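Trainee: I should like to learn how to read the helices of a structure that is new to me. May we go through one together?

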Amino acid sequence: MSGITKVHSFAPFGVFTSGVQKLSHQISHIGALAYKALFPNPVENITELDERRWSLAKKFGVNSDIIMELVSIGQTVSAADRKVKIALLEKRLSDSELKGLQKFTNSFHKYHLPPIGIVRVKEAVSDLEILRKVRKRSNELSLDPKYFASCPWEVSFLLESHLIFKILNLQNSFDDGKERHKIILQNDCLFISSVKGPFPVKTLMDEFIITSDRSLKDREGNVWNYFDDGLEERDVFIDPAKLQDPVYRENNVPLRVIGQLSVEQMAELRAYMKEQFADDPTIDSKEAIIQFVAQPQVHLKGAFLEGVSSQAGTHTFFRIIDREGYVYSSSLQWLQHEKKDSLFGNPLRTVNAVPVNWDTFESRKHHGCIVTPRPVTQEAAERIIDQLNKARARIIRYNQAGNNCVDLANKVLKETGVDLNVNVYLHQLLWRCFPSLKNLGMPKFIYNPLHALASRISALISCLLPRAGKWIINSIGNGLVSLFFTPIVLALGGARGSPGIETPPEVDVKEDDWKFDATDKLMTTVVVDVGELAVSHSSPFLHWQLSQKATFVTPYTGQPKMHFIPPRDKNLKAEGDRLHSKYSKLYAHSAPMA
């Protein structure tokens, strides 16, 4: 695959840059000398503060005793002791006192006062802010208050690493979840489940680091994540540097079970499937279930912005439930090391990706989770898992406009017997962002005749216009669309791509295996093709989901949970029906192209 062309610096420009850097250093040095001249004896002890600083503290409602305690904390050498003291102080501080401290420590520059010469005072205030946010988040998640009261920094670690969201999800989703994934508080220490038994969170804090994808990495560089048996050494993604290692492939490539439904849960799920697919004469032989899931994230208020909300793009993922009730979860996501090149700066850049081991969106807060189940045979479920495992070993190419999470979900959907077109032309995507006259509140007695007249005129032109005329108009239209979209696609990274990764020879790719677009860049041909460029988009997929009889929508209830059937609670079911109606209206104009 072709690499990225690099533009090297022009020599005179480098000389100019070096001169600017030297000049900036000289200015900084002169500024430091001037500062020392203005403040020859900076205050090194809070007790010697002048009246201006005390009046400033009083202005922001900061008590002198609190400042003295902060100074004491700042002078504490041991980081562990410092954190204990900060936690004790946070318990006594009101929200207004904490805000006053923030303003006090950030105001010296504004009032042209020299900083207090006490180390880590500002860091202590920053830690107080963190703990206050952790306390708030802990309350929102309805965690046991004893956890934060006894181990605030351990709770902070569980939140930062997102471990707590996975644990709560498994507790709430499976009948045995509360027992298998309970959090133990013992001797002022928190313990979570792992393959080796109860694991102290404090050890995680001391010996592990949190990676960019919220996995944990130990001192040997091994990646750990939380699954059905608790914390274990296993990667959600794939490390290309280790892919040639057979031991690494054996431990990390296969999808991991995230939980098992109880006999009662499977009975309820099968009953629901038989009810929804009563017209399918083969339903009894289809013992496995595939659930397609989407969680719309963009919610712009106002009729003018509804179109933008529907076309903003929604992450799509899926669950595989085999006949034994074992649950897998996956979607296509780009490798984490690719984030260093900032996909959001070049959203149409082509990068490497894999089907992940438990989709992260399963445990996130949402505005309504759209779930569409499809029955399949056990053999079909096993084939899907096999294809996903091969894709993990191959490491495939990813692009926001094509070969993305919707494409992978669509490949899985095709295995269930549904052939759906998720492509949308760029000009159609843009047109769908505009508001519908009907949604803007135009009266029906005006909208309906106008809509009927426009449809008749369009049909008449289509009948009367010769084929050659249609071809000419389409060509001109595509040319104009290309002139408009080509600079946009290029600016968003359409001609850029990271190097591909070679598939290990041990991976046996067969003729009937899933085909993935191996293009190195989105734009590799002439720009006129942009007029015919169709992107794989989530809106047709959601339109299909919401048109299915078996689809249900579940609201967020304060803690993450995977709903395998519609909620039993009447209020939750009513809220789910409201969300279903809302999203059906939002995606009504996103029908798949013929």
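Mentor: The following exchange moves from the whole chain to two of its helices. Please note that this is a predicted model.

Trainee: What does the secondary structure of the chain come to?

Mentor: The chain holds 21 helices and 18 strands. Of its 594 residues, 46% count as buried. Its exposed surface is about 31,400 Å², and carbon and sulfur atoms supply 57% of that area.

Trainee: Among contacts between residues at least 6 apart in sequence, what share joins residues at least 24 apart?

Mentor: That share is 75% in this chain.

Trainee: How does one relate the length of helix α4 to its number of residues?

Mentor: One allows 1.5 Å a residue, so the 14 residues of α4, residues 79-92, should span 20 Å. The C-alpha atoms at the ends of α4 lie 21 Å apart, which agrees.

Trainee: Which residues of α4 are buried, and where do they lie around the axis?

Mentor: In an α-helix there are 3.6 residues a turn, so residues three or four places apart point the same way. In α4 the buried residues are Arg82, Ile86, Ala87, Leu89 and Glu90. They cover an arc of only 165° around the axis, which puts them on the same side of α4.

Trainee: Is helix α8 mostly covered or mostly open?

Mentor: Helix α8, residues 152-160, is mostly covered, with eight of its nine residues buried. Among them are Trp153, Glu154, Phe157 and Leu158.

Trainee: What follows α8?

Mentor: His162 follows α8, and its phi is positive, near 65°.

Notes
Residues numbered from 1 in each chain as written. Predicted model: local features only at pLDDT ≥ 70, side-chain atom pairs only at ≥ 80, totals over all residues. Heavy atoms only, no water. Helix = DSSP H or I, 4+ residues; strand = E, 2+ residues; numbered from the N terminus. Buried < 20%, exposed > 50% of the residue type's maximum accessible area, 1.4 Å probe, protein only. Contact = heavy atoms within 4.5 Å. Areas by Shrake-Rupley, 256 points an atom, 1.4 Å probe, with all protein chains shown as cover. Expected span 1.5 Å × (residues − 1). Arc of directions from axis to C-beta.
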